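Okay, everyone, thanks for squeezing me in. Let me put the structure up, and then we'll walk through it piece by piece.

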Amino acid sequence: MQQKPTGQNNYQEDEIDLRELFKVIWLRKKFIIIITLIITLAAGVYAFNKTPVYTAKALVEIGSYNNNNNNNNNNNNNNNKVILDSAANLSKKLNILFIDIFKNEKDREFKITSISVPKKSTNFIEIKAEANSNDMASKEILKVVTYIKTQHQVKLQNILNDRATRVASINRQINTIKNKQLEVLSKENNLNGNEALLNSLQLISMINGELGIRSISQLISEKTELSLLLNKQNYKNSAIIGKIIIDNNPAKPKKKLIITVAFIAGFIFSIFLVFIMNAFRKETDEAAT
């Protein structure tokens with residue numbers, strides 16, 4: 001008696017098994033469709049009833065001030081600018097104040113999600129927020145920006161006050177020199193040549209003692225430089241570049257993704273149930289016979 005090759009038998013068994021599986025699926029197609037639809041509809045109800053979450057972000061330029069006034073260069077030259085804060089240090093500080101402190105608070109309607117320094121940047125930070133509306137997300141970002149601007153305005157005002165104080169001090173020194181000169185000139189009319197010369201030397205010695213080695217021309221030059229730096233255009237507070245970027249489409253929930261994943265999962269789950277039910281039915285039938 002001729003036997004069929006083993007490989008051919010295995011192939012036929014596999015083919016029969018596949019046909020059997022497809023047959024089971026086809027016979028239970030209504031069940032599969034119903035289960036898939038139920039799971040998909042449940043996911044759709046969840047997605048459409050879930051409170052939408054909107055995102056907003058803003059790029060903030062850290063404030064600066066000019067450290068010297070060079071008439072040969074534009075005042076906006078980066079070589080003259082001093083940044084008010086380190087972007088890295090400011091980012092760490094803001095993360096503690098506006099993110100870390102609120103980590104344990106649940107179900108917040110708005111929150112700052114990220115405060116970071118863009119790559120290859122030293123004077124910019126990026127702020128991101130999430131909220132139940134674009135307006136709330138934007139307001140949350142503005143809170144952070146307002147805090148930054150308030151802190152940096154104090155620094156700018158201190159620098160401005162210090163320079164104004166130095167200008168006033170130089171004015172006093174220049175006035176001292178002028179008063180001494182007037183005093184000498186008023187006396188020289190009644191003095192002979194030698195006494196006038198001696199008086200002038202005493203004046204020079206007195207001025208040097210009070211002002212060090214700086215001359216009146218040096219004082220005037222320093223005053224002019226500082227006076228030019230008192231111009232408001234030399235001081236720039238931190239501010240948002242452009243405007244806060246918002247998206248009219250909510251970032252969460254991703255409705256299409258949720259429904260698609262639910263449909264695929266429901267389809268696979270329903271087939272799995274069909275196979276389990278079929279296996280139990282076979283066991284029951286075999287036990288009955």
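So, find the loop between β4 and β5, because K120 lies there. This is a predicted model, by the way. K120 isn't a glycine, yet phi comes out positive, at about 60°. Most residues other than glycine have a negative phi, and most peptide bonds are trans. Is K120 buried or exposed? With a relative accessible area of 92%, K120 is exposed.

The second half of that rule has an exception here as well. Go to the loop between β8 and α7, where P253 has its place. The peptide bond leading from K252 into P253 is cis, with omega near -10°.

And while we're on K252, look at the side chain. What does K252 form a salt bridge with? The partner is E130, and the closest N and O atoms are 3.6 Å apart. K252 sits in the loop between β8 (245-246) and α7 (255-288) while E130 belongs to strand β5, so this pair ties together parts that are 122 residues apart in sequence. The two ends differ in cover: K252 counts as partly exposed at 42% relative accessibility, whereas E130 counts as buried at 17%.

Okay, on to the other charged pairs. Side chains of opposite charge can pair when their charged atoms come close. The count for this model is nine salt bridges, and I'll show you two further examples.

One is K236 with E61, at 3.0 Å from N to O. K236 is in strand β6 and E61 in strand β1, so here the parts tied together are 175 residues apart in sequence. K236 is partly exposed, at 38% relative accessible area, and E61 counts as buried, at 13%.

The other is local. E140 and K143 meet at 3.4 Å, N to O, and they are three residues apart in helix α4, so about one helical turn separates them. E140 is buried with a relative accessible area of 7%, while K143 is partly exposed at 46%.

Since we've landed on α4, let's go to its start. The helix covers residues 134-188, and N134 is found in it. N134 is buried, at 13% relative accessible area. What lies 3.2 Å from a polar atom of the N134 side chain? That would be the backbone oxygen of D247. Setting aside sequence neighbours within four places, N134 is in contact with Y54, T55, I246, D247 and N248.

Now the nonpolar part. In soluble globular proteins, nonpolar side chains tend to be buried together. The largest nonpolar core here has 27 residues, and the members touching the most others are L94, I112, I115, I125, I127, I141 and V144. Which elements give two or more residues to this core? They are β1 (54-61), α3 (87-98), β4 (110-116), β5 (124-131) and α4. Helix α4 supplies the largest share, seven residues.

Take L94 as a way in. Not counting residues up to four places away in sequence, L94 touches I99, I115, I125, V144, Y147 and I148. There's also a second, separate core of six residues, including V167, I170, I174 and I177.

Quick look at a sheet. It's an open one with three strands, ordered β3-β2-β6, and the pairing is antiparallel. The edges are β3 (81-83) and β6 (235-236), each pairing on one side only. That is the β6 we met with K236. Strand β2 (residues 64-66) is joined to β3 by three bridges, and N66 stands opposite K81 in β3.

Last, the totals, for anyone who wants to set this up on their own machine. Secondary structure comes to seven helices and eight strands. The protein has 289 residues, and 26% of them are buried. The accessible surface is about 19,900 Å², with 57% of that belonging to carbon and sulfur atoms. Finally, contacts between residues at least 6 apart in sequence: 74% of those join residues at least 24 apart. The bridge between K236 and E61 is the long-range example I'd pull up on screen. That's my bit, so over to you.

Conventions. Residues are numbered from 1 along each chain as its sequence is written. This is a predicted model: local features need pLDDT of at least 70, side-chain atom pairs count only at pLDDT 80 or more; totals for chains, interfaces and linings use all residues. Side-chain values use heavy atoms; hydrogens and water are left out. Helices (H or I, at least four residues) and strands (E, at least two) are DSSP runs, numbered from the N terminus. Buried means under 20% relative accessible area, exposed over 50%, partly exposed in between (1.4 Å probe, protein chains only). A polar contact is a pair of N or O atoms within 3.5 Å; within protein, one must be able to donate a hydrogen and the other to accept it, and residues adjacent in sequence count only if both atoms are side-chain atoms. Contact means heavy atoms within 4.5 Å. Two strands pair if DSSP finds at least two bridges between them. Accessible areas come from the Shrake-Rupley method with a 1.4 Å probe; for residues, only the protein chains shown count as cover. A nonpolar core is a set of buried Ala, Val, Leu, Ile, Met, Phe, Trp, Tyr and Cys residues joined through side-chain atoms within 4.5 Å. A salt bridge is a side-chain nitrogen of Lys or Arg within 4 Å of a carboxyl oxygen of Asp or Glu.
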